[in-house]
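This report walks through a few features of one protein structure, with attention to charged side chains and to the strands of a sheet. Please keep the structure in view while reading.

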Amino acid sequence: MNVKGFKFAGISCGIKKNGSKDLALALFETPCIAAGVFTKNIVRAPSVELTKKRMQRGDFKALLVISGNASVCVKDADEDAVVVTNALAKALSIDENSVAHATTGVIGVKLPTQRVLDNIEKLIASLSKDYKEFSEAIRTTDAFEKVSFKTFQLDGKTVNILGIGKGAGMIAPNMATMLMFIFTDANIEKQALKDAFKKAVDKSFNSISVDGDTSTNDMVLIFASKLAQNKEITIGSDGYKLFCENLSQLCLELAKMVVRDGEGATKLIQIVVKGAKTEKEARIVAKTVANSQLVKTAFFGEDPNWGRLMAAIGRAYVHIDPSKIDIAIQGYSVVKKGFEDFNFKEERLAELLKAKDILVEINLNVGKYKTCFYTSDLTTDYVKLNSAYRT
């Protein structure tokens with residue numbers, strides 16, 4: 001999984017109580033063009049604002065990530081973000097505006113900036129081509145590593161894309177308590193990178209939900225070193241479609257990992273809504289079903305209560321005709337024209353719901369548009385984990 005132009009590091013600087021790695025660095029051999037998607041929460045971490053501002057100014061040479069402390073809703077958090085990133089820039093002899101920054105963890109706790117500053121030289125000394133330490137250092141409540149890699153041939157050159165992320169709870173469309181960093185050596189024009197990235201994010205990270213919450217810190221960033229030496233990818237060029245396909249696959253794989261690792265989750269649920277009047281209405285229905293606590297708890301309990309799906313569809317408040325709705329779960333017809341399917345057997349559905357991956361297909365039969373969302377079940381472990389998050 002070697003992407004040309006990137007080195008990684010991850011160490012512990014004492015932010016996390018348990019001594020786990022909590023400080024991560026990605027260093028770029030050449031200035032990288034970048035694109036980003038950020039949380040829409042109005043309460044945003046200074047790391048989000050800083051990175052957005054610096055992205056508008058130019059290219060990046062490094063990414064600094066702090067986990068275990070969100071550094072938001074705290075006095076002087078804006079200053080802390082500048083202090084730690086500028087200290088890194090000075091140590092690396094690079095422009096301070098070329099450092100991207102991300103934080104994740106507990107809200108409302110002062111960042112121990114001196115611990116970060118004291119460990120910057122150690123962090124830099126730990127750099128290598130191996131991403132493992134970086135991946136470990138950005139995690140908080142994650143149960144497992146979230147990494148995906150794609151490689152393909154373009155103009156006789158090998159192009160690589162590496163995605164590394166974290167995220168488990170507080171996940172909802174428009175980003176979540178999720179940090180995703182994508183690194184590619186593709187030689188790609190900046191507007192093409194932005195467009196490809198937006199398409200990939202819309203179909204992946206903005207199409208998942210764990211608990212309906214949207215974090216203060218989430219961001220998804222992509223950096224391109226352009227070192228693969230392929231002919232430059234532009235919108236509409238031969239390589240653009242291939243790049244989009246690989247990037248979209250990578251983002252969807254990572255997004256599914258986030259849902260599968262939803263705090264306490266036991267199931268990955270795919271919700272396909274088709275036959276909608278517009279694509280927007282299809283997404284509204286899928287999102288409403290995905291965020292329904294009654295639906296999610298029913299899947300956790302493997303309860304064949306299809307009525308919760310119908311109720312969620314109805315409160316999406318879009319163009320529907322209840323008498324036209326069809327629902328299938330795991331390919332098994334449950335609802336036909338708004339009523340329980342004549343051949344429906346509750347015992348059969350209960351058996352199907354024991355699977356870890358669940359497919360729900362909802363046909364509104366009022367139009368031609370469709371969409372797909374991913375969500376998790378809502379479990380007792382989710383309550384336990386989040387009720388004691390700080391302790």
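## A buried lysine and its partner

Lys150 is buried, because its relative accessible area is 14%, which lies under the 20% limit for that class. The model discussed here is a predicted one. The side chain of Lys150 meets that of Glu253 in a salt bridge, with 2.6 Å from N to O. This pair links distant parts of the chain, since Glu253 belongs to helix 7 (residues 238-260) and Lys150 to strand 5 (residues 146-154), 103 residues apart. Glu253, in contrast to the buried lysine, counts as partly exposed at 33% relative accessibility.

## Other salt bridges

Side chains of opposite charge can pair when their charged atoms come close. The count of salt bridges in this model comes to eleven. One of them joins Lys21 to Glu136, with the closest N and O atoms 3.7 Å apart. Here too distant parts of the chain are linked: Lys21 sits in the loop between strand 1 (6-11) and strand 2 (23-38), while Glu136 is in helix 5 (residues 132-137), 115 residues apart. Lys21 is partly exposed, with a relative accessible area of 22%, and Glu136 is partly exposed as well, at 36%.

Another salt bridge brings together the side chains of Glu351 and Lys354, at 3.3 Å from N to O. Glu351 counts as partly exposed at 46% relative accessibility, and Lys354 is also partly exposed, at 48%. Elsewhere, salt bridges that share partners join Lys21, Glu133 and Glu136 into one network.

## A sheet of seven strands

Which order do the seven strands of the open sheet follow? The order is 8-15-10-14-11-12-13, and the pairing is mixed. Strand 8 and strand 13 (339-340) stand at the edges with a single partner strand each, so one side of each has no neighbour in the sheet.

At one edge, strand 8 (residues 208-209) pairs with strand 15 (residues 369-376) in the parallel sense over two bridges, whereas strand 10 (residues 268-276) runs antiparallel to strand 15 and is joined to it by seven bridges. Thr375 in strand 15 takes part in both pairings, as the bridge partner of Ser209 and of Ile269. At the other edge, strand 12 (residues 332-336) and strand 13 pair in the antiparallel sense over two bridges, and Val335 stands opposite Glu340 in strand 13.

## A negative patch

Glu340 also belongs to a negative surface patch, which is formed by Asp303, Glu340, Glu346 and Glu347. Of these residues, Glu346 has its place in helix 11 (residues 346-352), and at 48% relative accessibility Glu346 counts as partly exposed.

How values were computed. Residues are numbered from 1 along each chain as its sequence is written. This is a predicted model: local features need pLDDT of at least 70, side-chain atom pairs count only at pLDDT 80 or more; totals for chains, interfaces and linings use all residues. Side-chain values use heavy atoms; hydrogens and water are left out. Patches are made of residues with over 30% relative accessible area and no salt bridge: like charges are joined within 9 Å, nonpolar side chains (Val, Leu, Ile, Met, Phe, Trp, Tyr) within 5 Å. Accessible areas come from the Shrake-Rupley method with a 1.4 Å probe; for residues, only the protein chains shown count as cover. A salt bridge is a side-chain nitrogen of Lys or Arg within 4 Å of a carboxyl oxygen of Asp or Glu. Lys and Arg count as positive and Asp and Glu as negative; His and the chain ends are not counted. The place of a charge is taken as NZ of Lys, CZ of Arg, CG of Asp or CD of Glu. Helices (H or I, at least four residues) and strands (E, at least two) are DSSP runs, numbered from the N terminus. Buried means under 20% relative accessible area, exposed over 50%, partly exposed in between (1.4 Å probe, protein chains only). Two strands pair if DSSP finds at least two bridges between them.
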